[in-house]
Amino acid sequence: MKRILITGALGQIGSELTLKLREIYGADNVIATDIKKNTSETAQSGPFELLDVTDLDKMMETAKKYKIDTVMHLAALLSATAETKPVFAWNLNMGGLMNALETAREMNAQFFTPSSIGAFGPSTPKHHTPQDTIMRPTTMYGVNKVAGELLADYYYHKFGLDTRGLRFPGLISHVALPGGGTTDYAVEIYYEAVKTGKYTSYINIGTYMDMMYMPDALNAIIDLMEADPSKLKHRNSFNITAMSVAPEDIAASISKYIPGFEIAYTVDPARQSIADSWPNSIDASAAKEEWNFKFQYDLDRMTQDMIEKLREKL
Ligand code: VAH
């Protein structure tokens, strides 16, 4: 990883990943791209190009202009939005991925794209979901993620491209908001806790999903990309997680730092049914064995940091 092209650089992951990569590899060596520009530090602190990921010519041209050797393809529509616009989701998620893989192939670049716990479905074992198991998702997002994992593995086997991926759980951060995901509640709850001291959850009590704090997710991406390829038995994609939590667990953790915090529930059936189709807790042992995956933030440590950072921000 010396010259990195990032798509979706102003999204939830990209906003922070771009800055972290610029710190490590040098600001000029990390080319941020997104469909729109904004005034964030991410957009201003190094090279930025407008890029619609469905435009292969522009992606190739940008890759060649900057002589990139790594593609990190983050641009995608998340699960809840994808359910409301399935055809658009297919075209963006699969079309964008295909273009990013083709760009990586042309440049002989290392390649990363996130998968998700959304790649699993109702017939997947729900607890300690193994690395290699049944994957029959019932959402468009999940279908895209499974197809994406297979496609990235195909590029590895067929063309020898160095493709690597992670199955992310819900990611929680205080920098850029997620948009249109099922796990977004786990971010909103912190904003509302700091702003108003209460939160109404659209995900029901007792609904367990895996989650991870953004700093751990960023380290995982970099550790995986830097990992010795001879140790990797899997490539696309590795289960990783830091905690398996339900809304009431996050609420209880927040109450330790914001006494009197109140949670209520008004369930959104659309997002609840997506959450119900996903695992309760996944097993990350393959990631630990093959490239030493580790995390630093458990629920309380994350809560403490989120509240501190949001108090400064809001
Ligand atoms: C979503 N945050 O909710 C994403 C994620 C684990 C789920 O992929 O759609």
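The exercises below, each with a worked solution, concern a predicted model of one protein chain.

**Exercise 1.** Work out how the radius of gyration of the chain compares with the globule rule.

*Solution.* Begin with the secondary structure, which comes to 12 helices and 12 strands. The chain has 314 residues, for which the globule rule gives 20 Å, and its radius of gyration is 19 Å, close to that value, so the chain is as compact as a globular protein of that length. As a further step, note that the C-alpha trace spans about 55 × 45 × 40 Å along its principal axes, and that 56% of the residues count as buried.

**Exercise 2.** Classify the aromatic pair formed by tyrosine 185 and tyrosine 202, and locate both residues.

*Solution.* The ring centres lie 6.3 Å apart, which falls within the 6.5 Å cut-off for a pair. The planes meet at 90 degrees, and the pair is therefore edge-to-face, as angles over 60 degrees count as such. Tyrosine 185 belongs to helix α7, whereas tyrosine 202 sits in the loop between β8 and β9, 17 residues apart. Both tyrosine 185 and tyrosine 202 are buried.

**Exercise 3.** Determine which parts of the chain are tied together by the pair of phenylalanine 238 and tryptophan 291.

*Solution.* This pair is also edge-to-face, with 5.8 Å from centre to centre and 75 degrees between the planes. Phenylalanine 238 lies in strand β10 and tryptophan 291 in helix α11, so the pair ties together parts that are 53 residues apart in sequence. Phenylalanine 238 is buried, with a relative accessible area of 0%, and tryptophan 291 is buried with 7%. Finally, Phe238 and Trp291 form one aromatic cluster together with Phe293 and Phe295.

Conventions. Residues are numbered from 1 along each chain as its sequence is written. This is a predicted model: local features need pLDDT of at least 70, side-chain atom pairs count only at pLDDT 80 or more; totals for chains, interfaces and linings use all residues. Side-chain values use heavy atoms; hydrogens and water are left out. Helices (H or I, at least four residues) and strands (E, at least two) are DSSP runs, numbered from the N terminus. The radius of gyration is taken over C-alpha atoms; the globule rule is 2.2 Å times the number of residues to the power 0.38. Buried means under 20% relative accessible area, exposed over 50%, partly exposed in between (1.4 Å probe, protein chains only). Rings of Phe, Tyr and Trp (its six-membered ring) pair if their centres lie within 6.5 Å; planes under 30 degrees apart count as stacked, over 60 as edge-to-face and the rest as tilted.
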